[in-house]
Amino acid sequence: MSAKDAGEATLQYGDQSITLPVREGSEGERGVDISALRKETGLITIDPGYGNTGSCESAITFIDGEKGILRYRGYPIEELAEKSSFLEVAYLLIHGELPNKEQREEFDLDVTRHTMLHEDFKKLFGAMPKSAHPMPVTAAASSALATFYQEPETAEMMERAVVRLLAKMPTIAAFAYKHSIGQPFMYPRNSLDYSSNFLHMMFSVPCEEYEVDPVVARALDLLLILHADHEQNCSTSTVRMVGSSRAPLFASISAGISALWGSLHGGANQRVIEMLEQIEREDGSADKFLERAKDKNDTTRLMGFGHRVYKSYDPRAAILRKACEDVTKRMGGDVGGLLDIAMRLEEITLKDDYFIQRRLYPNVDFYSGVIYKAIGIPVNMFTVMFAMGRLPGWIAQWLEMRRDPAFRIGRPRQIYTGETERHI
Ligand code: ACO
């Protein structure tokens with residue numbers, strides 16, 4: 001389904017005038033198609049941060065930031081969170097439809113049977129310092145998959161590459177963690193589901209098997225579902241941009257992981273916990289911290305608040321707030337009072353004029369960190385967890401771009417503001 005014609009827009013500049021087609025998507029979103037602008041007028045558009053730029057047509061994820069709506073392939077996130085597993089959601093994003101029973105079983109089995117890493121691959125972890133943050137280790141390892149597996153040439157090979165990525169990412173993530181703490185790598189176990197297997201590889205040691213609590217495994221699965229796609233954003237657009245040069249899937253995903261690392265994007269979940277811990281250490285006063293976040297002379301930001309697209313409550317944060325209470329209760333109380341501080345921060349922020357005027361609400365990262373902390377995931381692994389969750393979205397977006405007959409290499413323009421010609 002591609003966007004349909006929805007009239008025309010006219011741009012007047014000096015004595016030049018150009019009529020540009022307007023395109024409309026299936027949810028009524030409209031965009032002016034400026035692809036003829038430069039050729040016809042010599043003008044380009046300026047849009048720092050791409051806040052008004054539609055870089056592609058996509059049939060994967062729909063967000064209405066005003067109303068707080070998120071749907072994958074048409075299904076509301078709330079329904080998927082309640083009724084589906086992460087692998088079903090991954091299948092939905094990548095294939096466009098939820099799997100039937102046979103497809104689900106086949107997909108689960110396929111992913112389960114590709115979780116091992118080549119034995120030589122382990123040396124890669126050993127080559128990196130133990131003090132390394134697991135995020136660049138994960139990015140490097142994802143990129144290194146391209147050295148172990150050939151660039152897929154047929155649809156069948158591509159399907160295999162997709163399964164490999166989904167299957168091996170939790171193993172890579174867990175190995176990155178085990179390396180950082182100097183413990184032996186734990187091999188995957190085929191009897192476990194996706195999330196339970198990850199918990200096993202993270203927390204089992206050869207002398208003691210980690211007993212997976214189904215409530216914890218379900219909470220992890222939920223987190224992965226909620227992160228699985230979010231239409232165009234810094235990391236996803238990076239994956240598309242890198243892939244647009246015909247770079248291989250594994251390399252494009254590695255670039256997405258690097259883009260996700262930053263504290264304004266996926267790194268925010270780590271920063272949320274650091275912020276809550278800082279508040280707890282100082283005197284537990286959420287109110288005082290809030291004042292700093294509002295002060296223009298202070299660079300402090302309230303991490304886990306605000307979003308480029310959501311101008312109302314992030315629907316994922318609403319689901320996670322509830323899950324957070326359930327998980328912390330199950331794990332025997334609040335994680336050192338952090339949930340209390342988070343809830344107090346949310347309460348006062350939602351009544352504060354500064355945040356109301358700027359329409360800043362909790363985003364997905366505000367509560368995810370508290371859940372990760374409650375289930376024992378170390379803080380420096382939070383963003384890696386996000387990457388594991390976002391993986392099917394990146395894959396689906398990459399495939400959609402590469403299958404689009406009209407795809408072109410990404411190549412924005414600029415307005416040059418440097419020196420004009422000069423000579424030595
Ligand atoms: N705390 C305090 N003030 C904020 C915050 C915040 N968390 N977020 C935005 N503001 C203020 C800005 O200072 C600005 O104020 P001004 O108009 O007086 O200058 C106004 O709100 C608009 O903010 P921008 O930075 O222009 O908004 P933008 O859309 O560019 O940024 C972003 C969105 C990066 C998410 C921002 O809200 C932020 O930094 N939040 C904290 C980091 C975070 O939680 N990131 C995770 C995002 S979700 C994700 O990637 C999964």
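For this tour, Ala, Val, Leu, Ile, Met, Phe, Trp, Tyr, Cys and Pro count as nonpolar, Asp, Glu, Lys and Arg as charged, and the others, Gly among them, as polar. The model is predicted: local features need pLDDT of at least 70, side-chain atom pairs count only at pLDDT 80 or more, and totals for chains, interfaces and linings use all residues. Residues are numbered from 1 along each chain as its sequence is written, and side-chain values use heavy atoms, with hydrogens and water left out.

**First stop: the N-terminal strands**

Select β1 (4–13), β2 (residues 16–24) and β3 (30–32). Helices (H or I, at least four residues) and strands (E, at least two) are DSSP runs, numbered from the N terminus. These three strands form an open sheet in the order β1-β2-β3 with antiparallel pairing, where pairing requires that DSSP finds at least two bridges between two strands. β1 and β3 are the edge strands, each pairing on one side only. β1 and β2 are joined by eight bridges; to view one residue pair, pick Leu-11 and its bridge partner Ile-18 in β2.

**Second stop: another three-stranded sheet**

Move to β4 (61–64), β5 (residues 69–72) and β6 (75–76). Their order in this open sheet is β4-β5-β6, again with antiparallel pairing. β4 and β6 each have a single partner strand, so one side of each is left without a neighbour in the sheet. Two bridges link β5 and β6, and Arg-71 has Pro-76 in β6 as its bridge partner.

**Third stop: α7 against α18**

Next, display helix α7 (residues 155–181) together with helix α18 (residues 382–403). They pack at an angle of about 170°, with axes 10 Å apart; axes are lines fitted to C-alpha atoms, for helices over the stretch in contact, and angles run from 0 to 180 degrees between N-to-C directions. The two helices are therefore roughly antiparallel, a label for angles over 145 degrees (under 35 is roughly parallel, 65 to 115 roughly perpendicular and the rest oblique). In the contact (heavy atoms within 4.5 Å), α7 contributes Met-158, Val-162, Leu-165, Leu-166, Met-169, Pro-170 and Ala-173, while α18 contributes Val-384, Met-388, Leu-391, Pro-392, Ile-395, Trp-398 and Leu-399. By class, this contact has 14 nonpolar, no polar and no charged residues.

**Fourth stop: the second largest pocket**

Keep α7 and α18 visible and add α3 (86–95) and α4 (101–112): each of these four helices supplies at least two lining residues of the second largest pocket. A pocket is found on a 1 Å grid over the protein atoms alone, as an open set of points with protein on both sides within 12 Å along at least five of seven lines; a cavity is a set of points where a 1.4 Å probe fits but cannot get out, and lining residues have an atom within 4 Å of a point. The second largest pocket has 22 lining residues, and Ala-155, Met-158, Glu-159, Val-162 and Arg-403 lie nearest its centre. α7 gives the most to the lining, with six residues. The lining divides into 10 nonpolar, three polar and nine charged residues.

**Last stop: the largest cavity**

Finally, select the lining of the largest cavity, which includes Gly-306, His-307, Tyr-310, Asp-314 and Arg-359. Its lining has four nonpolar, four polar and two charged residues.
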